[in-house]
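Please look through the structure shown here, beginning with a single side-chain contact and moving outward from there to the chain as a whole.

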Amino acid sequence: MKPDFHQFDDIPGTTIFTMEKARAGFHLNQFCMSLRSAENRERFLADQRTYLDEWEMTEEQKQAVIDRDFQKMLDTGATSTSCRRSSRRKGFHTCRPSAR
């Protein structure tokens with residue numbers, strides 16, 4: 001029996017990380033983790049769009065990264081761990097939970 005997570009839909013800013021989100025966010029999480037490398041951070045900062053286009057992410061995910069929209073990243077499958085780790089990196093430090 002699959003749990004009913006829709007009961008949490010009306011709580012602003014609440015994202016339940018499910019298997020479906022894990023699958024949808026795989027490449028987004030891989031991107032976030034790639035920023036651990038200084039070389040990758042430099043490439044990302046030099047041309048964000050070109051670097052993001054190397055990853056098989058949706059346009060919504062790419063735009064969330066460009067906008068540093070932490071909540072949208074979570075909603076589209078990023079884990080809080082990968083977002084938090086990437087947010088500590090130079091040039092990505094504005095990735096914060098959005099106020100809703």
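In this predicted model, the side chain of Ser82 makes a polar contact with the side chain of Asn29, at a distance of 2.5 Å. Ser82 itself belongs to helix 7, which covers residues 80-87, and because its relative accessibility is 2%, under the 20% that marks the limit for burial, Ser82 counts as buried. When neighbours within four places in sequence are left aside, the residues in contact with Ser82 are Asn29, Cys32 and Met33, so that the polar partner Asn29 also appears in this list of contacts.

From this contact the reader may turn to the nonpolar interior. The largest nonpolar core has 15 residues, and those that touch the most other members are Leu28, Phe31, Phe44, Leu52, Val65 and Met73. Two or more residues of this core come from each of helix 2 (26-34), helix 4 (48-52), helix 5 (59-67) and helix 6 (70-75). For Leu52, one of the residues just named, the contacts beyond four places in sequence are with Phe31, Phe44, Met57, Lys62, Val65 and Ile66.

Phe31 also leads to the aromatic residues. Which residues form one aromatic cluster with Phe31? The cluster consists of Phe31, Phe44, Tyr51 and Trp55, while a search of the whole structure finds five aromatic pairs. In one of these, Phe31 and Trp55 meet edge-to-face, with 6.4 Å from centre to centre and 75 degrees between the planes. Since Phe31 lies in helix 2 whereas Trp55 lies in the loop between helix 4 and helix 5, the pair ties together parts that are 24 residues apart in sequence. Phe31 has a relative accessibility of 0% and therefore counts as buried.

These local details can be set against the chain as a whole. The chain has seven helices and zero strands, and its elements, read from the N terminus on, run α-α-α-α-α-α-α. Among contacts in the chain with a separation of 6 or more, 56% are accounted for by residues 24 or more positions apart. Of the 100 residues of the chain, 34% count as buried, and the accessible surface comes to about 6400 Å², with 51% of that area belonging to carbon and sulfur atoms.

Key
Residues numbered from 1 in each chain as written. Predicted model: local features only at pLDDT ≥ 70, side-chain atom pairs only at ≥ 80, totals over all residues. Heavy atoms only, no water. Helix = DSSP H or I, 4+ residues; strand = E, 2+ residues; numbered from the N terminus. Buried < 20%, exposed > 50% of the residue type's maximum accessible area, 1.4 Å probe, protein only. Polar contact = N/O pair within 3.5 Å; in protein donor to acceptor, adjacent residues only side chain to side chain. Contact = heavy atoms within 4.5 Å. Core = buried A, V, L, I, M, F, W, Y, C linked by side-chain atoms within 4.5 Å. Areas by Shrake-Rupley, 256 points an atom, 1.4 Å probe, with all protein chains shown as cover. Phe/Tyr/Trp six-rings, centres within 6.5 Å; stacked < 30°, edge-to-face > 60°.
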